[in-house]
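Me: I'd like a close look at the side-chain contacts in this one. Please start with the charged pairs and go on from there, with a word on where each residue sits.

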Amino acid sequence: MWRSGGRGPVPGRSAAGCAASSVSDVSHAAAARALAAGGTREQPIFTTRAHVFQIDPSTKKNWVPASKQAVTVSYFYDSTRNSYRIISVDGAKVIINSTITPNMTFTKTSQKFGQWADSRANTVFGLGFPSEQQLTKFAEKFQEVKEAAKLARDRSQEKIETSSNHSQESGRETPSSTRASSVNGTDDEKASHGGPAEAHLKSENDKLKFALAQSSTNVKKWETELQSLRESNARLSTALQESAASIEHWKKQFSACKEENDQLRGKIEELEEQCNEINKEKERNAQLSRRLQELETELQDKELELEELRKQGEIIPELMSECESVSEQLQAAEKKNKDLEEKVRTLRTEVEENKHRQTNLKTELKNFLDVLDGKIDELHDFRQGLSKLGVDN
């Protein structure tokens, strides 16, 4: 729906708005016929482009878009009726046909949105402009046209009052002129006799005749206007009846659409539940697929291990024979090791004995060296003695 308020329209639309729009289409069709009949005597005086909205007749609060896109909105002046109208046509459809009266007021509800109420059309029109400047120009023109309509109304009332006064004066003075003509004779006789009084009466009589003729013309004009208004009223009554019939039709269609909508909603909920179950099954299948791939990978690994074990099983006899030969070699090596251990024990015993011998030899050698040192000392003393003897000799 389109909500009315201080910030202009808010987008959205309901089935009730669609029905109101269809009813408006029927009434606008009748307005289009009326516009075609009187369009030749009207001239545009201001034109702009805007998005057109109408108030929802059921709620009187929400805006219903009358055009899908920006359309031309124009001020028209009717020189014959001396009236002003705001007219907007979307293709072959008249969406605004509002006659401006002095009582109307154009209100800016936001920087780019304005509205006015039309009591004759029993609706409120709203316009959404592309810019604030265009809205300002349209509002200024509305005020200007409103003032012009007020002046035109005042002038027409003055003319009506003047015409009625002239008619009353002519009605009062016509018997006196008749009496004057009967007393003084015909106009030809007055012209023949002459005189300033008769000439003055004749000029007054001519003025009254002219005023009477003009009054008759105005009466015919107002009768024509009244007839056209009656015809327009009849057309609007027919359009209203068509609108009422269309409303009933659209109400039935709206009820059927509502029931169908409820059924579709139920089906949609069921499908959503089925979709949720399908999604869950898909998730389970995906988990099972991943688990199956993991198991296949593990199975391949186990098969590779089994193949390796089979290959190793083929090598086992060779390994057994090698193991037996190694065992025999180990036994022979153990036997040799025992023999070597016996030899080592023998060698250790011999080493101990050799050590003991070496100790004894060291002791004896030390004693020998001590004796040798003594002997050397004695020999040295002996040599010194011999050298002294040689010196003495």
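Reply: Start with Arg-310 and Glu-307, whose side chains meet in a salt bridge with an N to O distance of 4.0 Å. Keep in mind that this is a predicted model. Why do these two line up? Arg-310 and Glu-307 are 3 residues apart in helix H4, which means about one helical turn lies between them. Glu-307 is partly exposed, at 38% relative accessibility.

Now go back along that helix to Arg-284 and Glu-281, another salt bridge, this one with 2.5 Å from N to O. Again the spacing is 3 residues within helix H4, so about one helical turn separates Arg-284 from Glu-281. Arg-284 is partly exposed, with a relative accessible area of 41%, and Glu-281 is partly exposed too, at 40%.

While you're on the helix, have a look at the acidic residues there. Glu-269, Glu-270, Glu-272, Glu-273 and Glu-277 make up a negative surface patch. Take Glu-277 as your landmark: you'll find it in helix H4, which covers residues 196–392. Glu-277 counts as exposed because its relative accessible area is 52% and the cut-off for exposed is over 50%.

Back to the salt bridges, of which the structure holds 7. One of them joins Arg-81 to Asp-78, with 4.0 Å between the closest N and O atoms. Here the two partners have different degrees of cover: Arg-81 is partly exposed at 37% relative accessibility, whereas Asp-78 is buried at 2%. There's a third member to pick out as well, since Asp-78, Arg-81 and Glu-225 are linked in a network of salt bridges. As a general point, side chains of opposite charge can pair when their charged atoms come close.

From charges, move on to the rings. You can count 12 aromatic pairs in the structure. One of them is Phe-53 with Phe-113, a tilted pair with 5.8 Å centre to centre and 55° between the planes. Phe-53 belongs to strand E2 and Phe-113 to strand E8, so this pair ties together parts that are 60 residues apart in sequence. Phe-53 and Phe-113 are both buried.

Trp-116 and Phe-138 give you another tilted pair, with 6.3 Å between centres and 35° between planes. This pair also links distant parts of the chain: Trp-116 is in strand E8, Phe-138 is in helix H2 (residues 132–184), and they are 22 residues apart. Both Trp-116 and Phe-138 are buried. Zoom out a bit and you'll see Trp-116 and Phe-138 in one aromatic cluster, together with Phe-46, Tyr-75, Phe-106, Phe-125, Phe-129 and Phe-142.

Last stop, the backbone in two loops. Most residues other than glycine have a negative phi. Lys-60 isn't a glycine, yet its phi is positive, about 60°. Look for Lys-60 in the loop between strand E2 (42–55) and strand E3 (62–65), where it is partly exposed at 45% relative accessibility. Asn-122 is another non-glycine residue with a positive phi, near 55°. Its loop runs between strand E8 (113–118) and strand E9 (123–128), and Asn-122 is exposed, with a relative accessible area of 58%.

Notes. Residues numbered from 1 in each chain as written. Predicted model: local features only at pLDDT ≥ 70, side-chain atom pairs only at ≥ 80, totals over all residues. Heavy atoms only, no water. Patch = residues over 30% accessible without salt bridge, like charges linked within 9 Å, V, L, I, M, F, W, Y side chains within 5 Å. Areas by Shrake-Rupley, 256 points an atom, 1.4 Å probe, with all protein chains shown as cover. Lys, Arg positive; Asp, Glu negative; His and termini not counted. Charge placed at Lys NZ, Arg CZ, Asp CG, Glu CD. Helix = DSSP H or I, 4+ residues; strand = E, 2+ residues; numbered from the N terminus. Buried < 20%, exposed > 50% of the residue type's maximum accessible area, 1.4 Å probe, protein only. Phe/Tyr/Trp six-rings, centres within 6.5 Å; stacked < 30°, edge-to-face > 60°.
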